[in-house]
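Here's a quick tour of one protein chain, moving from a couple of individual residues to the overall fold and the empty space inside. Have the viewer open as you read.

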Amino acid sequence: MAVAAYAPARPSTVGRLVSDTWTSMLRVLLNYRHSPGLLAASLGVPVIMVVVFGYVFGSAMQVPGGGDYREFLMPGLFAMVATNGIMPTMVGAARDVGRGVTDRLRSMPVSRTGLLLGQTLADLLVSVVVLALLALVGLAAGWRARHGLADAAGAFALLLLFRFVMTWVGTLLGLAVGKEEAAGQLSVVVFPVAMVTNAYVPTGGMPGWLRLVADWNPISSVVQACRELFGNPSAAGSAWPMQHAALVAVLWSAVLLALCMPLAVRKFATHGR
């Protein structure tokens, strides 16, 4: 009598996606565990930012219409934490390409989407801790969320959404660059994009053309939406994106995610071809 050969059931597409996402997320989190300096830097930067911008520069700043500058500043610092998701993911993706890790992962029967999604979710978990620490430092410096818990939760949800989007932007850029050194040098490009915003100063004092760029910058929409949700001084101005900041921030996030996520997965799957 013939005995049928036993073949183990292959995991479903969804099951593989979940499993590979989890494995990839643990890989990134273990990197933080074995690199305490990296985690310390991630947690220490928010404290330095509040001290430098809130107390050193803030002593000479006035918010149009009145209001405490540190309350004006804190939503901008929150948004900078969200925006800074570009750099570590860009450098990490470029490092994996340069060291051959991407090629080894591509040779395995794993979900391409799951591998990248796990990395972005791990970054999101770290950013939750960083935002929480920054909020505690802000509370100690006098910042308050004045519109209640629900609006504050909405602001932090928007910040986490934007951080998630920025990690996909960084992943795409890192895969496209493919070299860790070049990815690090791209911070020269990212820095002015983050600075030409309403995060640190009102845009009303900028030249007309620069104010237009700042008002339509996605980061400015996130900052203004958070100021409105937290009930902090804003100096929004009359530009349409600033008058509909929450809507514009969500639209920018949706557009960037719809573009960068599939392009990053495709670039990962076709690297070197």
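## Thr21 and its neighbours

Leaving aside residues up to four places away in sequence, Thr21 touches Gly114, Leu117, Gly118 and Leu121. Keep in mind that this is a predicted model. Thr21 itself sits in helix H1, which covers residues 13-33.

There's a polar side to this spot too: a polar atom of the Thr21 side chain lies 3.5 Å from the backbone oxygen of Gly114. So is Thr21 buried or exposed? Its relative accessible area is 9%, and buried means under 20%, so Thr21 counts as buried.

## Arg211, partly in the open

Now jump to helix H10, residues 208-216, where you'll find Arg211. Its relative accessibility is 26%, so Arg211 goes down as partly exposed.

Which residues does Arg211 touch, once those up to four places away in sequence are set aside? The list is Thr203, Gly204, Met206, Gly237 and Ser238. For a sense of distance, take Thr197: it is 14 residues from Arg211 in sequence, and the two C-alpha atoms are 8.4 Å apart in space.

## The fold as a whole

Zooming out, the protein chain has 13 helices and zero strands. Read from the N terminus, the element string is just α-α-α-α-α-α-α-α-α-α-α-α-α.

The chain has 273 residues, and 45% of them count as buried. Take the contacts between residues at least 6 apart in sequence: 82% of these join residues at least 24 apart. As for the outside, the accessible surface comes to about 13,700 Å², with 69% of that belonging to carbon and sulfur atoms.

## A hole inside

Rolling a probe the size of a water molecule over the atoms shows where empty space is left. How many cavities of 30 Å³ or more turn up here? The count is one, and the volume of this largest cavity is about 70 Å³.

Its lining is made up of Ala93, Asp96, Thr102, Leu105, Leu116, Gln119, Thr171, Leu175 and Phe268. Four elements give two or more residues each to that lining: helix H4 (86-98), helix H5 (101-106), helix H6 (112-140) and helix H7 (149-177). By residue type, the lining splits into five nonpolar, three polar and one charged.

Conventions: Residues are numbered from 1 along each chain as its sequence is written. This is a predicted model: local features need pLDDT of at least 70, side-chain atom pairs count only at pLDDT 80 or more; totals for chains, interfaces and linings use all residues. Side-chain values use heavy atoms; hydrogens and water are left out. On a 1 Å grid over the protein atoms alone, a cavity is a set of points where a 1.4 Å probe fits but cannot get out, and a pocket is an open set with protein on both sides within 12 Å along at least five of seven lines; lining residues have an atom within 4 Å of a point. Grid points are joined across faces, edges and corners, and a volume is the space filled by probe spheres set on the points. Ala, Val, Leu, Ile, Met, Phe, Trp, Tyr, Cys and Pro count as nonpolar, Asp, Glu, Lys and Arg as charged, and the others, Gly among them, as polar. Buried means under 20% relative accessible area, exposed over 50%, partly exposed in between (1.4 Å probe, protein chains only). Contact means heavy atoms within 4.5 Å. Accessible areas come from the Shrake-Rupley method with a 1.4 Å probe; for residues, only the protein chains shown count as cover. A polar contact is a pair of N or O atoms within 3.5 Å; within protein, one must be able to donate a hydrogen and the other to accept it, and residues adjacent in sequence count only if both atoms are side-chain atoms.
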